[in-house]
Amino acid sequence: MAGVAERLTAHAYLAREDPRRTELIDGVVVVSEPAVLHQQVCKWIFRALAEWVDSPPGRGAVSLPLNVVL
């Protein structure tokens, strides 16, 4: 797990400019870049859900995840 020398607050973390996909876990910055297999599995799951939604009417909706600051 990659981290920083000192723990960051959420405010300090959000103020950083880092193009990588990272998370702040217990004050430590963790780089979490998805691998190719992860992206392929996401595609397969999304495709299966989309086909399920598109079959008979009224089954619901499916979308890709949204980035939300928690």
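A residue counts as buried under 20% relative accessible area, as exposed over 50%, and as partly exposed in between. The exercises below apply this to a predicted model.

**Exercise 1.** Determine whether leucine 49 is buried, partly exposed or exposed, and state which surface feature it helps to make.

*Solution.* Begin with the location: leucine 49 sits in helix 2, an element that spans residues 36–54. Its relative accessibility is 39%, and because this value falls between the two cut-offs, leucine 49 counts as partly exposed. Then turn to the surface, where Leu49 joins Leu37, Val41, Trp44 and Ile45 in making a nonpolar patch of about 460 Å². For the chain as a whole, about 6100 Å² is exposed, with carbon and sulfur atoms supplying 60% of that area.

**Exercise 2.** Classify threonine 22 by its accessibility, and list the residues that it touches beyond four places away in sequence.

*Solution.* Threonine 22 belongs to strand 1, which covers residues 22–25. Its relative accessibility is 15%, and since the cut-off for burial is under 20%, threonine 22 counts as buried. Of the 70 residues of the chain, 11% count as buried. Leaving aside residues up to four places away in sequence, the contacts of threonine 22 are Tyr13, Arg16, Val29, Val30, Val31 and Ser32.

**Exercise 3.** Work out which residues form the salt bridges of the structure, and how these residues are joined.

*Solution.* The structure holds two salt bridges. In one of them, the side chains of arginine 16 and aspartate 18 meet at 2.7 Å, N to O; in the other, aspartate 18 meets the side chain of arginine 20 at 2.8 Å, N to O. Because these salt bridges share partners, Arg16, Asp18 and Arg20 are joined into one network. As for accessibility, aspartate 18 is partly exposed at 23%, arginine 16 is partly exposed at 27%, and arginine 20 is likewise partly exposed, at 42%.

**Exercise 4.** Describe the order of the elements along the chain, and say which element has the lowest mean pLDDT and which the highest.

*Solution.* The chain has two helices and two strands, and read along the sequence these follow the pattern α-β-β-α. The mean pLDDT of the chain is 79, while 86% of its residues reach 70 or more. Among the elements, strand 1 has the lowest mean pLDDT, at 84, and helix 2 the highest, at 87. Where pLDDT is low, the predicted coordinates should not be read in detail.

How values were computed:
Residues are numbered from 1 along each chain as its sequence is written. This is a predicted model: local features need pLDDT of at least 70, side-chain atom pairs count only at pLDDT 80 or more; totals for chains, interfaces and linings use all residues. Side-chain values use heavy atoms; hydrogens and water are left out. Helices (H or I, at least four residues) and strands (E, at least two) are DSSP runs, numbered from the N terminus. Buried means under 20% relative accessible area, exposed over 50%, partly exposed in between (1.4 Å probe, protein chains only). Contact means heavy atoms within 4.5 Å. pLDDT is the predictor's confidence in each residue, from 0 to 100. Patches are made of residues with over 30% relative accessible area and no salt bridge: like charges are joined within 9 Å, nonpolar side chains (Val, Leu, Ile, Met, Phe, Trp, Tyr) within 5 Å. Accessible areas come from the Shrake-Rupley method with a 1.4 Å probe; for residues, only the protein chains shown count as cover. A salt bridge is a side-chain nitrogen of Lys or Arg within 4 Å of a carboxyl oxygen of Asp or Glu.
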